[in-house]
Amino acid sequence: MYQNFKSGFICIAGLANAGKSTLTNALVGEKVSIVSWRPQTTRNKLLGIINGEDYQMVLIDTPGIHKAKNQLGEYMMKAVESGLKDVDGVVYVIDAARGMSADDYGFLENNASKKPIVVALNKQDAVTRETLFATLQKLNGIAGLKAIVPISAKKGDNLEPLKSELMALMPYGAPMYPQDEYTQSSMRFMATEIIREKALYLLDKEVPYGIGVYINKFEEREGQPICDIDADIVCEKQSHKAIVIGKGGEMLKKIATQARKDLEQLVGEKVFLTLYVRVKDEWRDSEYLMRELGYDVKAFKQE
């Protein structure tokens, strides 16, 4: 039945802010990964599923590669390592506007002989031909790369050629997930990510990276097309709590209003969202608190 059907796992890797999550969403055609200008926005490895007539491509969106400064950072780097295991190929995303860094070069040099890698040169529409050509020259000097594809994930430019290169890496076989699914992330998890995305966007540079979200309640009302969601936005300091709430509670209201729109699209019905702000000192260095907020360090220790 699946003699001519291709099915495989593709890991999306790259430095922070290269556009990995934007690319994942663009390829899947649905929002499966939150997007922010902030580095280290993606904290877990996330699955996005692309279903075609003769293929199923499972994308693993990983956190941006960076030097860990706390337990959360270490968790994120373990998520990258885990995402690279047992995949059929890797699409490595480079921000063409920034050019290729020493870290990009190091990753590709170290891994091109271990895994089939296709480089997606992202934001190619935002750079001059000279800058793009210089980066392409550097990439052509790395042995073992399967292909280099200039793209714009935001505009959707050149995604079909990229997809074709990735499909060439996948084996023939039956689909691994139901063909009407586009992610394996739970509704509850997606809700935490949507709230965190809106907080990161609206708070801009005022609050550092120490924001987490915990869902206290996610329930549909019996007999009514209404979903009640109560959630905590967790920060590390009292001073941050005041910023998240804002003068007269205005900032928290803005976060809730923007999150509610996306949550209603997610669940397909009206959402009543209640947000609270809690302080958990240095939670990014507490294995217990990280686990409470959905970052299970022990899961990677068992791999």
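**Entry 1: strand E4 and its partners**

I began with E4 and E5, which pair in the parallel sense over six bridges. The model is predicted, and I kept that in mind throughout. Asp 95 stands opposite Asn 122 in E5.

I then looked at strand E1 (residues 6-14). E1 and E4 are also parallel, and five bridges join them. Ala 13 has Tyr 92 in E4 as its bridge partner.

How many residues of strand E4 (residues 89-95) are buried? I found seven of the seven buried, so E4 is largely enclosed by the rest of the structure. I sorted the side chains by direction. Gly 89, Val 91, Val 93 and Asp 95 point one way from E4. Val 90, Tyr 92 and Ile 94 point the other way. In a regular strand the side chains alternate between the two faces of the sheet.

**Entry 2: the sheet E7-E8-E9**

Next I took the open sheet of three strands. Its order is E7-E8-E9, and the pairing is mixed. Strand E7 (212-220) and strand E9 (270-279) stand at the edges. Each has a single partner strand, so one side of each is left without a neighbour in the sheet. I noted an average turn of 15° between neighbouring strands of this sheet, direction ignored.

Strand E8 (residues 226-235) and E9 run parallel, joined by 10 bridges. I picked out one pair: Asp 230 has Thr 274 in E9 as its bridge partner.

Which helix packs on this sheet, touching E7, E8 and E9? H8 does, and its direction makes about 135° with that of E9. I also checked H6. H6 lies across E7, E8 and E9, running at about 130° to E7.

**Entry 3: H7 against H8**

I turned to helix H7 (residues 238-245) and helix H8 (residues 250-267). They pack at an angle of about 65°. Their axes are 5 Å apart. On the H7 side I listed Ile 243, Val 244 and Ile 245. In H8 they meet Glu 250, Met 251, Leu 252 and Ile 255. By class, the contact of H7 with H8 has six nonpolar residues, no polar ones and one charged.

**Entry 4: salt bridges**

I counted nine salt bridges. I went through several.

Lys 253 and Glu 250 meet in a salt bridge at 3.7 Å, N to O. Both lie in helix H8, three residues apart, about one turn of the helix. Lys 253 is partly exposed, at 47% relative accessible area. Glu 250 is also partly exposed, at 42%. I also traced a network here: salt bridges that share partners join Asp 95, Arg 98 and Lys 123.

Lys 163 forms a salt bridge with Glu 160, and the closest N and O atoms are 3.5 Å apart. The two are three residues apart in helix H5 (residues 159-167), so about one helical turn separates them. Is Lys 163 buried or exposed? Lys 163 is buried, because its relative accessible area of 11% falls under the 20% limit. Glu 160 counts as exposed, at 52%.

Asp 262 forms a salt bridge with Lys 198, with the closest N and O atoms 3.0 Å apart. This pair links distant parts of the chain, 64 residues apart. Asp 262 is in helix H8 and Lys 198 in helix H6 (residues 187-203). I looked up burial for both partners. Asp 262 is buried, at 18% relative accessible area. Lys 198 is buried too, at 12%.

**Entry 5: Ser 113**

Where is Ser 113 found? I located Ser 113 in the loop between helix H3 (102-111) and strand E5 (117-122). Ser 113 counts as exposed, at 70% relative accessibility. I then took the separation from Ala 143. The two are 30 residues apart in sequence and 8.0 Å apart in space, C-alpha to C-alpha.

**Entry 6: whole chain**

I closed with totals. The protein chain has 10 helices and nine strands. Of its 303 residues, 52% count as buried. The chain exposes about 14,700 Å², and carbon and sulfur atoms supply 48% of that area. I also took the contacts between residues at least 6 apart in sequence; 72% of them join residues at least 24 apart.

Methods:
Residues numbered from 1 in each chain as written. Predicted model: local features only at pLDDT ≥ 70, side-chain atom pairs only at ≥ 80, totals over all residues. Heavy atoms only, no water. Axes fitted to C-alpha atoms, helices over the stretch in contact; angles between N-to-C directions. Helix = DSSP H or I, 4+ residues; strand = E, 2+ residues; numbered from the N terminus. Contact = heavy atoms within 4.5 Å. Nonpolar A, V, L, I, M, F, W, Y, C, P; charged D, E, K, R; others polar. Salt bridge = Lys/Arg side-chain N within 4 Å of Asp/Glu carboxyl O. Buried < 20%, exposed > 50% of the residue type's maximum accessible area, 1.4 Å probe, protein only. Pairing = 2+ DSSP bridges. Areas by Shrake-Rupley, 256 points an atom, 1.4 Å probe, with all protein chains shown as cover.
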